[in-house]
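Got the structure open? Let's walk through it together, one question at a time.

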Amino acid sequence: MNVSHRRVEADAVVAVGSNLGDRAAIFAAAVRALAEADGVELTAISTPIETVAVRPEGEDPEAPAYLNGVVLIRTTLAPHALLRLLNDIERENGRVRGERWGDRTLDLDIVDYAGMQSSSEDLTLPHPRAHERTFVLRPWAEVAPEAELPGHGRVVDLLAALEAGR
């Protein structure tokens, strides 16, 4: 009997954001670290966009602006292993976890992992607020206009609805 030990590959969407320090350099360093990680292959990188900071109470134009984008990857890492990798990359780029929704040198979030819908203490898939965030949807629509956010619909439709509501 021939049993394959090949690891399964999954497509994932990772949101990248930075609003402290040299945002462009930090964004580039995060993308480079992902590209060099074992078990990760970059398949697309959006154009970074500048956006206003978002707090629990809404947009905060007084806070430093974010540089946001998304990276599409193919990975053999399981979701929690990918999350650990992202947390390591954040720490390597000066991320300090203090105030929730606070300013940060780097924020990396798994937005979608192979269409999976799951929830644990430290990881909810898809990202629970991605459908409300133009700074995720716009770059995602740029690199994958046919993409769907599980449980919410087509990314381009979600983005259009948000932009119409402004």
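Q: Which residues touch the most other members of the largest nonpolar core?
A: Keep in mind that this is a predicted model. Its largest nonpolar core has 26 residues, and β1 (10-18), α1 (23-36), β6 (66-75), α2 (79-92) and β7 (107-113) each supply at least two of them. The members that touch the most others are L34, L82, L85, L108 and I110.

Q: How many residues are in the other core, the one that lies apart?
A: Besides the core with 26 residues, there's another one lying apart from it. Among its members are V13, L72, V136 and L158. Its residue count is 18.

Q: Which residues is L108 in contact with, leaving aside neighbours within four places in sequence?
A: L108 belongs to the largest nonpolar core, so let's see what surrounds it, where buried means under 20% relative accessible area. Leaving aside the neighbours within four places, L108 is in contact with V14, A15, V16, A30, L86, I89 and E90.

Q: Why is β1 described as largely enclosed by the rest of the structure?
A: A residue counts as buried when its relative accessible area is under 20%. β1 is largely enclosed because the buried residues number 8 of its 9.

Q: How many bridges join β1 to β6, and how many pair β1 with β7?
A: β1 and β6 run antiparallel, with V14 standing opposite V71 in β6. β1 also pairs with β7 in the antiparallel sense; there, V13 has D112 as its bridge partner, and G17 stands opposite D107. The bridges number 9 for β1 with β6 and 6 for β1 with β7.

Q: How many of the residues of β7 are buried?
A: β7 is mostly covered. Out of its 7 residues, the buried ones number 6.

Q: Which elements do the buried residues of α1 pack against?
A: α1 has 14 residues and reaches 20 Å from its first C-alpha to its last, close to the 20 Å expected. In this helix, I26, F27, A29, A30, V31 and L34 are buried. The buried residues of α1 pack against β1, β2 (40-45), β6, α2 and β7.

Q: Is S46 buried or exposed?
A: You'll find S46 in the loop between β2 and β3 (49-51). Its relative accessible area is 3%, and the cut-off for the lower class is under 20%. So S46 is buried.

Q: What is the distance from a polar atom of the S46 side chain to the backbone nitrogen of V70?
A: Not counting residues up to four places away in sequence, S46 touches G69, V70, P139, E142 and V143. With V70, a polar atom of the S46 side chain lies from the backbone nitrogen at 2.9 Å.

Q: How many residues apart along the chain are R74 and D11, which form a salt bridge?
A: R74 and D11 form a salt bridge, with their closest N and O atoms 2.9 Å apart. R74 is partly exposed at 31% relative accessible area, and D11 is partly exposed at 40%. The pair links distant parts of the chain, with R74 in strand β6 and D11 in strand β1; their separation in residues is 63.

Q: In which helix do R91 and D88 lie?
A: R91 and D88 form a salt bridge, with the closest N and O atoms 2.3 Å apart. R91 is exposed at 52% relative accessibility, while D88 is partly exposed at 34%. The two sit 3 residues apart, about one turn of the helix, and that helix is α2.

Q: Is R55 buried or exposed?
A: The side chains of R55 and D60 meet in a salt bridge, at 3.2 Å from N to O. The relative accessibility of R55 is 10%. That makes R55 buried.

Q: What is the omega of the peptide bond from L125 to P126?
A: Most peptide bonds are trans. P126 is in the loop between β9 (124-125) and α3 (134-143). The bond from L125 to P126 is cis, with omega near -10°.

Q: What is the phi of A114?
A: A114 is in the loop between β7 and β8 (118-119), and it is exposed, with a relative accessible area of 52%. Most residues other than glycine have a negative phi. In A114, though, phi is positive, near 55°.

Conventions
Residues are numbered from 1 along each chain as its sequence is written. This is a predicted model: local features need pLDDT of at least 70, side-chain atom pairs count only at pLDDT 80 or more; totals for chains, interfaces and linings use all residues. Side-chain values use heavy atoms; hydrogens and water are left out. A nonpolar core is a set of buried Ala, Val, Leu, Ile, Met, Phe, Trp, Tyr and Cys residues joined through side-chain atoms within 4.5 Å. Buried means under 20% relative accessible area, exposed over 50%, partly exposed in between (1.4 Å probe, protein chains only). Helices (H or I, at least four residues) and strands (E, at least two) are DSSP runs, numbered from the N terminus. Contact means heavy atoms within 4.5 Å. Two strands pair if DSSP finds at least two bridges between them. The expected span of a helix is 1.5 Å times one less than its number of residues. A polar contact is a pair of N or O atoms within 3.5 Å; within protein, one must be able to donate a hydrogen and the other to accept it, and residues adjacent in sequence count only if both atoms are side-chain atoms. A salt bridge is a side-chain nitrogen of Lys or Arg within 4 Å of a carboxyl oxygen of Asp or Glu.
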